[in-house]
Structures are given as C-alpha cells and as structure tokens.
2 protein chains.
Amino acid sequence: MSTDPTPFAGTLLGTTIAAVRPRDTAAEQAARDRLDRMTKPPGALGVLEDVAAQLAGIAGQCPAPLPTPAAVAVFAGDHGVHAQGVTHWPQEVTAQMVANLVAGGAVVNAFAAQLGADVVVVDVGVATPTAPAAGLLDRNVRRGTADLAVGPAMTPEEARRAVEVGIEVATTLAADHGCLVTGDMGITNTTASAALVCAFTGADPAAATGRGTGADDPTLARKVEVVTQAVARVPGRPATPDQALAALAEVGGLEHAALAGFVLGAAAARVPVLLDGVIAGSAALVAAALCPTALEHVLAGHTSAEPGHSLALRALGLRPLLGLDLRLGEGTGALLAMPLVASAARAL
Amino acid sequence: MSTDPTPFAGTLLGTTIAAVRPRDTAAEQAARDRLDRMTKPPGALGVLEDVAAQLAGIAGQCPAPLPTPAAVAVFAGDHGVHAQGVTHWPQEVTAQMVANLVAGGAVVNAFAAQLGADVVVVDVGVATPTAPAAGLLDRNVRRGTADLAVGPAMTPEEARRAVEVGIEVATTLAADHGCLVTGDMGITNTTASAALVCAFTGADPAAATGRGTGADDPTLARKVEVVTQAVARVPGRPATPDQALAALAEVGGLEHAALAGFVLGAAAARVPVLLDGVIAGSAALVAAALCPTALEHVLAGHTSAEPGHSLALRALGLRPLLGLDLRLGEGTGALLAMPLVASAARAL
C-alpha cells in the first residue's frame with residue numbers, strides 16, 4: 001500500500017487524485033430509505049436500487065440529478081506490439097476508424113444518437129497524424145507505443161501525460177454532462193489490456209488473453225506468449241501509485257492511460273463514469289491502483305466476450321449491468337447500458 | 001408428442017395455434033448477411049445480432065420494422081392458494097395494485113412512459129370486482145382460482161377461456177404495436193408459477209420455488225410443501241396440447257393462462273413478444289407445450305431473482321437479455337430490456 005501522502009505532487013495527476021472524495025453516505029442512505037418507502041416490495045428493483053443509491057452518493061444529493069446528457073469519449077491509440085503478429089488487422093485501421101467515428105459512421109455514433117449522447121474522439125496515441133475535424137481532439141502524446149513484447153511501451157512521463165489527457169477531457173465534459181462513458185479504438189489494444197489485467201490482478205496470461213476481434217488459434221497463442229513476456233518485466237502487483245504508473249508504462253497503451261485518467265477526472269468531478277469493455281476495465285484497474293477511492297464513482301456497463309474483462313471487473317468488485325457477449329468496443333456496450341442507469345435514476 | 005392434428009378445433013385457441021408459423025429463414029439470413037457487411041468485426045454485437053436476426057425472421061422482412069411502440073399487457077388474477085399462508089401480503093393487494101396500475105402510479109407505468117410504451121391492464125381473475133376505468137379491460141373469467149394445494153385451480157374450460165383472453169388482447173394490440181410485452185399482477189402468483197415450472201420441466205419443487213416478494217423461511221418451506229402437493233396431481237410432463245391445458249388448469253393461475261394465450265396471439269400475429277419474469281416464463285412453458293413453434297417469436301427480457309425463472313428459461317432455450325435480480329413483476333424487467341431490442345432492430 002502507498003505510504004506516499006502526496007503522489008505526483010505538483011502535477012495535474014497529483015491534484016486530481018487529491019481531489020477525489022468518497023461517495024456521500026448520507027445521500028446514499030436517503031436514496032435507500034426513499035426506495036424502501038415506494039409502492040413496491042423492498043429490494044424488488046434489484047441491481048437498479050444499488051445503482052440509484054450509488055448515483056445519489058456520487059452526486060451528494062437525493063434524488064441524484066439525471067445522468068443526462070451522457071458523453072462518450074473515444075480514446076484512440078496505436079500499439080507497437082502490432083509488429084508481433086497478434087492481430088490480422090492492419091494498424092492503419094485505427095486511423096481509418098477514427099475518421100469514421102469523427103464522421104459519425106461508427107456503431108457508437110448510431111447508439112449515441114439514439115440516446116441523445118455526445119461523442120468526442122480523442123487522438124491520444126494514433127500512429128499516423130489525424131486530420132483536424134470537428135469532434136476530434138488532437139492530444140497525441142506519442143505516435144503509438146513501443147513494442148511491449150520487447151521493452152517498455154512508453155516512459156512513465158508519457159504515461160502520466162496520457163493519463164492527464166484523460167483527466168482534462170473528463171473535467172471538460174463533466175461541466176455539462178450527467179454521465180461520462182468510456183470509449184476506445186486501437187488495433188491490438190486487447191493485447192495491452194490482457195497484459196494490464198495480468199500485471200494488476202496476478203491473473204494467468206492464458207486465462208486473461210482473448211481473441212479480441214477474431215484472432216485465430218495461432219494468433220491467440222502468439223498473443224498469450226507476448227503477454228507473458230511483457231508481464232514478466234513487471235516486478236509484482238503494483239502497491240503504490242508510482243508502481244501503478246510504472247506498470248502502465250511498461251505494458252499498457254496510451255488509450256488505457258487516458259481512460260485511467262478519464263475515470264480519475266470523472267471521480268474528482270463527482271460525475272458517474274460508465275465503463276465499456278476490457279480496455280476500460282483494464283484501465284480502471286490502473287485508476288484504482290492510482291486512487292482506490294475513484295472506484296466508488298464507477299459503473300460497469302457490461303461484460304464482454306473477452307476473458308480478461310470479467311477478471312478485471314471481479315478484481316474491481318464491479319457488477320456489470322449487461323452481459324451480451326459484445327466485442328466491438330468504441331463504447332457501444334456502455335451506451336447500451338445507459339438506459340438502465342437512467343431508469344435507476346428515474347426510479348427515485 | 002401430440003398426435004392430434006387439430007387441437008382444440010373450433011375454438012379461438014385452436015385457430016390461433018393453427019395460425020402460428022415458423023420464422024422466415026430467408027429474412028433471418030438476410031439480416032445476418034447485412035450484419036456481416038457492416039463496418040464492424042463479424043459477431044461483434046454479440047447477442048444483439050441474434051435478436052436483430054430473430055426480429056427479421058418474425059416480421060418476415062429485413063430490416064424488420066422497429067419494435068415500437070411497445071405495449072405492456074398487465075394480466076391480473078388472484079389465487080385460492082393464498083389461504084395456505086404462502087405469502088404475508090393480503091389478497092386485497094392485487095385489486096389495490098390494479099387500481100394503482102390503472103391510475104398510472106406503478107413502477108411499470110413510469111418505465112413505460114419513459115419509453116413511450118402503452119400499458120393495458122386486464123382483469124382476467126381478480127377476486128373482487130374491479131371498478132370500470134379507462135385502460136382497464138374487464139375480462140374476468142372467475143374471481144380467483146380455487147386452492148391449488150387441495151384440488152384443481154380451475155377447470156380446463158376456464159383455463160381455455162383465460163388463454164383466449166390473452167389471445168384476444170394480443171391480437172388487438174398487435175394491430176398497432178411493434179412489440180408486445182408481458183406484465184402481471186397477482187398476490188402469490190409465484191406459487192402457481194413454481195408449480196407450473198415443476199409440472200412442465202420436471203424440476204424439483206425445492207429448487208424451483210422462491211421467496212417471491214419477501215417470503216421468510218417458514219413461509220418458503222410452506223410454499224415448497226404446497227407446490228409439491230399440487231404437482232403430485234399432474235400425471236407427468238404434458239406431452240400433448242390437451243395435457244398442457246389440463247396441467248395449467250390443475251396448478252396454474254388465470255393470469256398465467258392469459259399470458260400463455262398472449263404469447264400464442266403475438267406469435268400468430270408475427271409480432272415479437274418480450275417476456276418479463278417468472279410468471280411469464282412459466283406461462284411460456286405452457287404456450288410452448290400448446291404450440292412449440294410459438295416460441296420462435298419470444299424474447300426473454302431478463303432473469304429475475306426467482307429460481308424457477310432461470311429453470312423455465314433454460315427449459316425453453318431462451319437467453320435473457322438482462323440479469324438484474326429484479327423481483328417486482330408488472331412487466332418492469334421486460335421494459336428495461338426494451339431499449340436493447342430497439343437497438344438490435346436499429347443496428348440493421
């Protein structure tokens with residue numbers, strides 16, 4: 001456990017961690033009392049009652065403000081580990097999908113439109129320069145990570161800067177949105193996710209590594225091998241914020257770093273943050289290691305087909321709202337869970 | 001297996017069963033092809049892709065029409081088994097909740113309003129006469145069932161009439177709604193549900209019987225005893241439509257009968273029907289025994305905290321869209337799943 005009273009002092013990351021407060025237990029209890037007084041048997045709304053109470057605790061008021069409008073931030077990055085043949089998709093697909101997302105042509109855009117949610121795309125680490133466009137934030141920290149199979153994916157300083165990109169985006173969006181939703185895009189980012197899950201939970205690479213978007217048997221075997229190599233360089237499960245940042249830099253991705261910061265920024269702003277798939281789940285492990293209290297402000301939208309995702313959620317103690325075997329990313333699974341969060345809030 | 005070519009000939013039940021057709025496999029395949037051509041990895045939308053294909057197959061066109069507006073039919077009935085002390089709720093609560101539902105004050109009304117769904121309340125078997133009101137259909141077949149612990153809950157003729165109430169409501173609603181949603185209200189109707197689950201699946205009463213809305217340990221033990229007594233009178237798992245109706249009459253409820261008819265009516269009209277909790281799940285077992293093909297048009301909204309519910313869904317081969325430990329009934333869990341059904345349809 002950390003004994004450092006002010007981790008990352010003098011940085012945005014440090015001040016953000018210091019600003020995160022636990023949920024308001026009085027507001028949370030008021031929500032539970034109110035639910036018990038409604039014309040229904042106590043507890044009959046199941047998990048939705050927990051969500052309703054959590055939302056009140058996050059906001060510090062009962063009833064909590066409605067979690068609308070929601071904003072999805074899609075953090076995009078590339079991965080040097082692509083060179084290891086861990087996917088059959090060309091790396092260029094990341095930049096192509098960023099263009100598609102900005103143009104409104106991806107599935108997450110359709111789901112967001114249905115809900116009246118905003119979509120922001122953030123280039124935090126795409127390998128090729130992205131063309132300026134409305135709805136695209138250029139916050140590129142480096143043009144893709146280094147190959148995590150053979151050495152650190154990035155420096156701790158780069159990792160911190162990418163985390164701070166996520167904090168800044170969350171802080172801006174929290175000003176006029178009731179719920180922040182994680183999204184991601186990055187060819188082979190499930191490899192870095194599996195490595196983070198193993199590094200932060202101690203899980204076996206063979207158990208935590210999945211097929212991502214369609215890896216065949218030899219590719220999956222290669223992926224497990226690469227994750228094993230990478231995790232071997234992490235000297236044990238991170239026990240301090242500094243160690244967490246170091247492990248993130250060693251085996252993570254730039255979008256994972258930004259998503260960890262996004263969680264911290266939302267928590268500091270007292271706005272609920274709804275996680276999408278395994279990329280967000282592994283990033284939330286990093287956020288929890290940087291600042292355990294931040295987790296109190298997190299909701300898990302769904303559990304995906306990727307095995308590392310349920311391992312991450314279990315380690316975080318988060319119960320996913322949906323289980324639909326999705327494996328699309330982009331924030332789609334979280335957006336599908338958004339009506340449940342809204343219903344929970346409306347139940348009060 | 002049934003060898004009767006025209007079960008219930010000359011009745012609405014008989015003509016409805018005869019009108020049920022399988023899903024359109026060409027439309028279903030067209031939906032799958034279309035999903036594979038979209039800018040996403042094949043299968044990435046998981047269960048939603050199955051739902052999208054199913055909707056196309058039900059409608060017989062691709063893309064399927066949107067499943068909007070939805071209509072929830074809340075079938076209300078009372079149960080003679082109340083006399084056995086299987087719940088701590090007074091029987092009068094059924095009629096009170098019917099009044100509350102009609103007045104728009106129940107949770108299902110709030111969830112329906114949020115979705116723009118219509119709510120229809122149907123008195124198919126409430127013990128006390130209900131006051132006429134807009135939004136309430138008086139289709140009372142009898143004023144509550146007889147005590148299923150000691151003898152048949154109703155006659156096969158009453159069961160058939162209650163099934164036909166459900167068919168008529170479904171047929172009417174299908175004319176101007178894109179999805180039919182099951183709802184129910186009836187104090188101690190989880191007892192009849194458990195009995196139906198045991199009768200139609202062969203499950204052990206101790207495994208299939210749950211606490212409903214808050215039964216304590218002695219009440220639960222009494223409930224298991226009552227279910228065991230009742231199921232002992234059913235001479236084996238129903239293998240023909242006639243045997244299914246007889247088993248329904250022996251241990252079921254009037255709202256269960258109506259819900260079974262509601263499923264058949266929706267299937268005959270080629271409109272998807274979305275199941276709520278254990279009451280609907282046990283009624284769907286009856287519907288499937290009356291007409292196996294009807295099941296092709298059914299979606300399971302959620303799995304509740306009631307153990308008989310997952311047993312029923314497993315026997316039916318239905319995968320629930322949500323698992324939130326709800327135990328409210330009324331149609332609430334199905335309505336919470338409605339946005340997923342709509343998203344699946346919109347994905348095409």
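This report walks through how chains A and B sit together in a predicted model, then looks at one buried residue, A:Asn189.

**How the two copies are related**

Let's start with the symmetry. Any two copies of a chain are related by a rotation about an axis and a shift along it. Here, chain A lands on chain B after a rotation of 180°, with 0.0 Å of shift along the axis and an RMSD of 0.0 Å. That is the relation of a two-fold axis. If you want to find the axis from chain A, look for A:Leu322: its C-alpha is the one nearest the axis in that chain, 3.0 Å away. Both copies use the same surface for the contact, and 100% of the contact residues of chain A turn up again in chain B.

**What the interface is made of**

Here are the headline values for the interface.

| Feature of the A–B interface | Value |
|---|---|
| Contact residues from chain A | 33 residues |
| Contact residues from chain B | 33 residues |
| Buried area | about 2800 Å² |
| Share of that area from carbon and sulfur atoms | 64% |
| Salt bridges | two |
| Residue pairs in polar contact | twelve |

Which residues of chain A lose the most area to chain B? They are A:Pro41, A:Gln114 and A:Leu324, and together they make up 18% of what that side buries.

As for charge pairing, one of the two salt bridges across the interface joins A:Asp325 to B:Arg319, with the closest N and O atoms 3.0 Å apart. On top of that, twelve residue pairs make polar contacts between the chains.

Several helices pitch in. On chain A's side, α3 (47–59), α5 (107–115) and α14 (332–347) each bring at least two residues to the surface that touches chain B. The top contributor there is α14(A), with six residues. Sorted by class, that side of chain A has 19 nonpolar residues, nine polar ones and five charged ones.

**A closer look at A:Asn189**

Now for a single residue. A:Asn189 belongs to helix α7 of chain A, which covers residues 189–201. Is A:Asn189 buried or exposed? Its relative accessibility is 6%, so A:Asn189 counts as buried, the cut-off for that being under 20%. And what does A:Asn189 contact, once neighbours within four places in sequence are set aside? The list is A:His79, A:Asp184, A:Glu255, A:His256 and A:Ile279.

Notes. Residues are numbered from 1 along each chain as its sequence is written. Chains are lettered from A and ligands numbered from 1 in the order in which they are written. This is a predicted model: local features need pLDDT of at least 70, side-chain atom pairs count only at pLDDT 80 or more; totals for chains, interfaces and linings use all residues. Side-chain values use heavy atoms; hydrogens and water are left out. Copies are superposed by least squares on the C-alpha atoms of residues with pLDDT of at least 70 in both. Contact means heavy atoms within 4.5 Å. Buried area is the accessible area (1.4 Å probe) that two parts lose on being put together, summed over both. A salt bridge is a side-chain nitrogen of Lys or Arg within 4 Å of a carboxyl oxygen of Asp or Glu. A polar contact is a pair of N or O atoms within 3.5 Å; within protein, one must be able to donate a hydrogen and the other to accept it, and residues adjacent in sequence count only if both atoms are side-chain atoms. Helices (H or I, at least four residues) and strands (E, at least two) are DSSP runs, numbered from the N terminus. Ala, Val, Leu, Ile, Met, Phe, Trp, Tyr, Cys and Pro count as nonpolar, Asp, Glu, Lys and Arg as charged, and the others, Gly among them, as polar. Buried means under 20% relative accessible area, exposed over 50%, partly exposed in between (1.4 Å probe, protein chains only).
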